[in-house]
2 protein chains.
Amino acid sequence: MDPLSIPLIPTDSNKPSPEFFQQFEKKFKALADEKRLEILYEITRQGSVCVCDLSETIEMKQSKLSYHLKILLDAELITKETKGTWNYYQLNYTELNTLLSEKLCCVFRADDE
Amino acid sequence: MDPLSIPLIPTDSNKPSPEFFQQFEKKFKALADEKRLEILYEITRQGSVCVCDLSETIEMKQSKLSYHLKILLDAELITKETKGTWNYYQLNYTELNTLLSEKLCCVFRADDE
DNA sequence: TTTTTATATCAAGAAAAATTGATTATAAGA
DNA sequence: TCTTATAATCAATTTTTCTTGATATAAAAA
């Protein structure tokens, strides 16, 4: 869901609605953590990773990793795919590319394939 | 200062240094607040504003406004110019455009003039 | 079917960030 | 000089977020 597709409800002097700002707040909050940026970096690099892969690259215990992945997932910056016992995470290209500059390409975002 | 100019210190397997991620954490944290996004939106719209202007557009008491402006300033997303008793704030175009997508133009970022 | 592996979730405590009202500093005006 | 206006900062409190270890769930393997 494209965050910019949220209608700019004309309240006072055409200012966007509180919901408009809240949507972005949620997404930037998800990005606003060193550890989550590192996770995003790894997903950008590796393409599709499971929690077990990540816990090898990133020094972090499993429950913590799951906690941070959930925040990225809830902000719709990444997506999840379950295969048996494994959960694979990948970038949500559309969302990240709507949000982030092309200059951040290949660090925290990538072009869709 | 361009955040991407921070050297990607090759630690383990060329992964960027903790400092690299921390810089972005700080900038995204500054963006990760509904009220600060509203402030940024107003500065984007109005170009250069003083605290007194903002407290008319945004319902927020003066000390709170100063607090949030300082966070945006410390993250180098905006700049400050003092003229007499007034402090005028404006966008740091370079920084915002390095960080944010062109799709966010005219909401939270703008092209330099 | 029992065990192991992968991962999510929960509850409690710790840490960080936000809010508030008061105070301070400084410049401009009377 | 005395007063007013602009805006930063401080200390105390509240709120939010993060971390941790334990537990739950569900699939795969033995």
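Me: What makes the pairing of Y67(A) with DNA strand D a polar contact?

Reply: A polar side-chain atom of Y67(A) lies 2.7 Å from a phosphate oxygen of DNA strand D. A polar contact is a pair of N or O atoms within 3.5 Å; within protein, one must be able to donate a hydrogen and the other to accept it, and residues adjacent in sequence count only if both atoms are side-chain atoms. The 2.7 Å of Y67(A) lies within that limit, so the term applies. The model is predicted: local features need pLDDT of at least 70, side-chain atom pairs count only at pLDDT 80 or more, and totals for chains, interfaces and linings use all residues, while side-chain values use heavy atoms, with hydrogens and water left out. Residues are numbered from 1 along each chain as its sequence is written, and chains are lettered from A and ligands numbered from 1 in the order in which they are written.

Me: Which polar side chains of chain B meet phosphate oxygens of DNA strand D, and at what distances?

Reply: An N or O atom in the side chain of S66(B) is 2.4 Å from a phosphate oxygen of the strand, and a polar side-chain atom of N87(B) is 2.7 Å from one.

Me: How do you know which residues are near DNA strand D?

Reply: A residue is near a strand if one of its heavy atoms lies within 4 Å of it. There are 23 residues around DNA strand D, of which K61(A), C52(B), Q62(B), S66(B) and Y89(B) come nearest. Among the strand's own atoms within 4 Å of the protein, 69% belong to sugar or phosphate and the rest to bases.

Me: What makes up the surface near DNA strand D, by element and by class?

Reply: Elements are DSSP runs numbered from the N terminus, helices being H or I of at least four residues and strands E of at least two. At least two residues each come from α4 (62-74) of chain A and from α3 (51-57), α4 (62-74) and β3 (86-91) of chain B. The greatest contribution, five residues, is that of α4(A). Seven residues are nonpolar, nine polar and seven charged; here Ala, Val, Leu, Ile, Met, Phe, Trp, Tyr, Cys and Pro count as nonpolar, Asp, Glu, Lys and Arg as charged, and the others, Gly among them, as polar.

Me: What makes C52(A), R36(B) and S63(B) partners of DNA strand C?

Reply: A polar backbone atom of C52(A) is 2.7 Å from a phosphate oxygen of the strand, and a polar side-chain atom of R36(B) is 3.1 Å from a phosphate oxygen. S63(B) places a polar side-chain atom 3.5 Å from a base oxygen. Two or more residues of the surface near this strand come from each of α3 (51-57), α4 and β3 (86-91) of chain A and α4 of chain B, and α4(B) gives the most, with five.

Me: Why is the pair E38(B) and K15(A) called a salt bridge?

Reply: The term requires a side-chain nitrogen of Lys or Arg within 4 Å of a carboxyl oxygen of Asp or Glu. E38(B) and K15(A) meet at 2.8 Å, N to O, and the count between the two chains is four salt bridges. The general background is that side chains of opposite charge can pair when their charged atoms come close.

Me: Why is K27(A) said to tie together separate parts of chain A?

Reply: K27(A) forms a salt bridge with E76(A), with the closest N and O atoms 4.0 Å apart. K27(A) lies in helix α1 and E76(A) in the loop between α4 and β2 (78-83), so the pair ties together parts 49 residues apart in sequence.

Me: What makes E34(A) a residue of the interface with chain B?

Reply: Contact means heavy atoms within 4.5 Å. E34(A), which lies in helix α2 of chain A, is in contact with P18(B), F21(B), Q22(B) and E25(B), leaving aside its neighbours within four places in sequence. Its side chain also makes a polar contact with that of Q22(B) at 3.2 Å.

Me: How do you know that the copies meet through the same surface and what symmetry relates them?

Reply: Of the interface residues of chain A, 100% are also interface residues in chain B, so the surface is the same. A turn of 180° and a shift of 0.0 Å along the axis lay chain A on chain B with an RMSD of 0.0 Å. The copies are thus related as by a two-fold rotation axis; they were superposed by least squares on the C-alpha atoms of residues with pLDDT of at least 70 in both.
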